[in-house]
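Work through the exercises below with the model open. Try each task before you read its solution.

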Amino acid sequence: MASQTESRSNVDNVMSRLQELGIDDTAIEGVLQTVYESGSIGPALDWVKERGALYAEEGREVQAVVEETIAISQSLAEAYGDARLGDGDKLQVTLVSAAMEGYIEARSKYTVQASPERELRDRVAELTALHRINSAANSSLNLSDMLKEIAQAVVAVTHADICSIFLYEPEWDQLVLTATSGLNQEAVGQVRLQLGEGIAGWAAMVGKPVAVHNAWTDPRFKYIPALREEEAVSILVVPVVLFTKEKLVGVIAINTYKERYFSEDEIKFLETVAGEIAIAIENARLYEQTDARLRQKVAELSTLQGVSAHIAATLNLSEVLTLIAYQAAHLVHADAATIYELHTRSAMLELVAQYDLLDPNHNIHESKSSGHASLNTHSSFIARAIMRGIPSQLPPDSDSNTQVPFAGGDYQSMFCVPLVAPRGIMGGICLYNREMKVFTEEQVRLVDAFAHEAAIALENSRLYDAALRGLKTKSAMLQEMNHRVRNNLQTVAGLLSMQLRRITPASEAATAVRESIARIQSMAAVHDLMVRGGSDVQSTTIYELASKVTEAAISTLVSPGFKLDMQIEPDEAESIRVGSHEATLLALLFNEIASNAILHGFAGRESGEICVRAHTARTAGDQSSEAEHAGISTEQLRPAITIEIEDDGNGLPEGFDSEKQANLGLSIVKTLVVSDLRGSFKIEPREDGRGAIATITFIPARQS
């Protein structure tokens, strides 16, 4: 019994030594038991001879056979002792000789079989396999599709059962499964290995091929359930290296379901494949990076265009400032932003707007007077950075001794961008982040381009603001001037009214004075309209003008007891506007025509009706004809205005000729229309024979 226990122990010792050497052959255990029990090395000789033949068939070097056999002889000598197996050196020579015999016999058979025709066929097969793999590598610039094609091609040409490709991610120092043929496809992109982890990680770390005929017994093997590789036994892993840059790209691994000793030729072939696909992988990666960068650049430019259009959509200075702060922060994903405006006379930068993402409602805030921060361009870090005219990174607590917003907050980085307009630096933008952020060159260019657009929008808003203030000042001055002119005209009309009381009412002198008073009041009515016209003190509508003037004429010229029905059609009259000069002329015209109808057309009557209509020219032919009549070239055409004043009075005398029989009023009308308005005037009977219709046509100097 002791003998059996001792035998088992010795066999186990030798088996442990052999496994350390990478020899995992179940047949050797029975051989060792027989050698120990019989004391004869015959079974061991047969076994090492078979090992030598196996090495020759796999194409291994003879040195590998010798080294393994020497290690086996040493293990046997130590476990069984020299007494049972003879002298240790003699045992070593005997075993090595047997192994060499098996190696040489097998090699001889292989050499005989390896005729030139077979070598040629093998070379053609190898080149065909490489061509297929190259075709797969060049089939697409999409990295995942290309690697999937390569994995399938490698399985086909190497007669393996599985091929997997892991790519190296240097930022994580990991290998990630990117493509596989034969393993679980759901594991792609999910399985990651550190360098040195598993047989694949080990090959990547040492930078050499690793071939294991039984991976499950190798101490470097790592089982990953997600791969579902339970049936795989042998594995060959080759690093994929881009030698032009000495850069690890990844590893390529093949597995077989049956135990397989990979030959030197197979290892060299897979190394060749790895070298070929390294270039293809690098090109696909560069293409994807370029494509992604192009898409990002297009997105950035689209965002910049949209932001710039948004800012340029308003001319209100306050809105522009707050929009710049808001859009600048969102453009580069900043947490807060401030806008400083430069006052060149005082050499100070003043905070004018800010945006705080930490605000619960993410509101845009205008800085309040209590929170104003004024930075001296000589002593402030922020001000000096802005005045240099180039974007720059600053510590977030710069100028924290002043009332700078966010300097005392939870911010880790700040970036200053000057607002540079064509006329110089207008101020600057400060961007804050709660985490440390270093702007890339592309981001700096993006925010700098935005700052230039924002500076132009800001300058336009300033000019608009200044023009608006000037317009308000001018409007106030014009209103004051109209007010004074109106008062003076009213004073003159009042003096004439006092003089009228001393003249016989029915005399021609009284009629002339009343007409003069009406003319003066009509001009005063124009200035009264300008005073009450609100912000637009330079124009008025035909409707307002006709109403005001005819009202003044009626109050002055209509005798007591006479009933006059005055109508002004509002359809277009309310929308047609004329300037102050034309309004004054039209006021006189309305007064003269209305006066003529009241004094002459309604003579001997107790009632009458006057109607005023206005419209713009409807056809190009009409405009051209009217312009030619008024002496205006067709190149200067504007929509002509036609005003018709119609009454139902006694009508024109028979054979009336306005050129020969015009009284003072009609002479004034013709002169004002032709000379001052540069238009045309005609007066003719109505179609129904009742009363007359006066028509004024002119092209305005300004059509609002």
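**Exercise 1.** Leaving aside neighbours within four places in sequence, find which residues Ser-181 is in contact with. Then decide whether Ser-181 counts as buried or exposed.

*Solution.* Keep in mind that this is a predicted model.
- Step 1. Skip the neighbours within four places in sequence; Ser-181 is then in contact with Ala-151, Gln-152, Val-155, Asp-161, Ile-162 and Cys-163.
- Step 2. Place the residue: Ser-181 lies in strand S2.
- Step 3. Apply the cut-off: buried means under 20% relative accessible area. Ser-181 has 16% relative accessibility, so it counts as buried.

**Exercise 2.** Strand S1 is joined to strand S2. State how many bridges join them, and how the two strands run.

*Solution.*
- Step 1. Mark the strands: S1 covers residues 162-169 and S2 covers residues 174-181.
- Step 2. Count the bridges. There are 7, and the strands run antiparallel.
- Step 3. Check one position: Leu-167 stands opposite Val-176 in S2.
- Step 4. Add the packing helices. Helix H8 (residues 143-158) packs on the sheet and touches S1, S2 and strand S6 (247-256). The direction of H8 makes about 140 degrees with that of S1.
- Step 5. Helix H9 (residues 198-206) also packs on the sheet, touching S2, S3, S4, strand S5 (234-242) and S6. Its direction makes about 35 degrees with that of S5.

**Exercise 3.** Write down the strand order of the open sheet. Which strands stand at the edges?

*Solution.*
- Step 1. Read across the 6 strands: the order is S3-S2-S1-S6-S5-S4, with antiparallel pairing.
- Step 2. Look at the edges. Strand S3 (192-194) and strand S4 (210-212) stand there, each with a single partner strand, so one side of each has no neighbour in the sheet.
- Step 3. Follow the twist, which averages 25 degrees from one strand to the next.

**Exercise 4.** Take Asp-173 and Arg-228. Find the sign of phi at Asp-173 and at Arg-228, then class each residue by accessibility.

*Solution.*
- Step 1. Recall the background: most residues other than glycine have a negative phi.
- Step 2. Asp-173 is not a glycine, yet has a positive phi of about 55 degrees. Arg-228, also not a glycine, has a positive phi of about 55 degrees.
- Step 3. Locate them. Asp-173 is in the loop between S1 and S2. Arg-228 is in the loop between S4 and S5.
- Step 4. Class them. Exposed means over 50%, and partly exposed lies between that and 20%. At 33% relative accessibility, Asp-173 counts as partly exposed. At 54%, Arg-228 counts as exposed.

Notes. Residues are numbered from 1 along each chain as its sequence is written. This is a predicted model: local features need pLDDT of at least 70, side-chain atom pairs count only at pLDDT 80 or more; totals for chains, interfaces and linings use all residues. Side-chain values use heavy atoms; hydrogens and water are left out. Two strands pair if DSSP finds at least two bridges between them. Helices (H or I, at least four residues) and strands (E, at least two) are DSSP runs, numbered from the N terminus. Axes are lines fitted to C-alpha atoms, for helices over the stretch in contact, and angles run from 0 to 180 degrees between N-to-C directions. Contact means heavy atoms within 4.5 Å. Buried means under 20% relative accessible area, exposed over 50%, partly exposed in between (1.4 Å probe, protein chains only).
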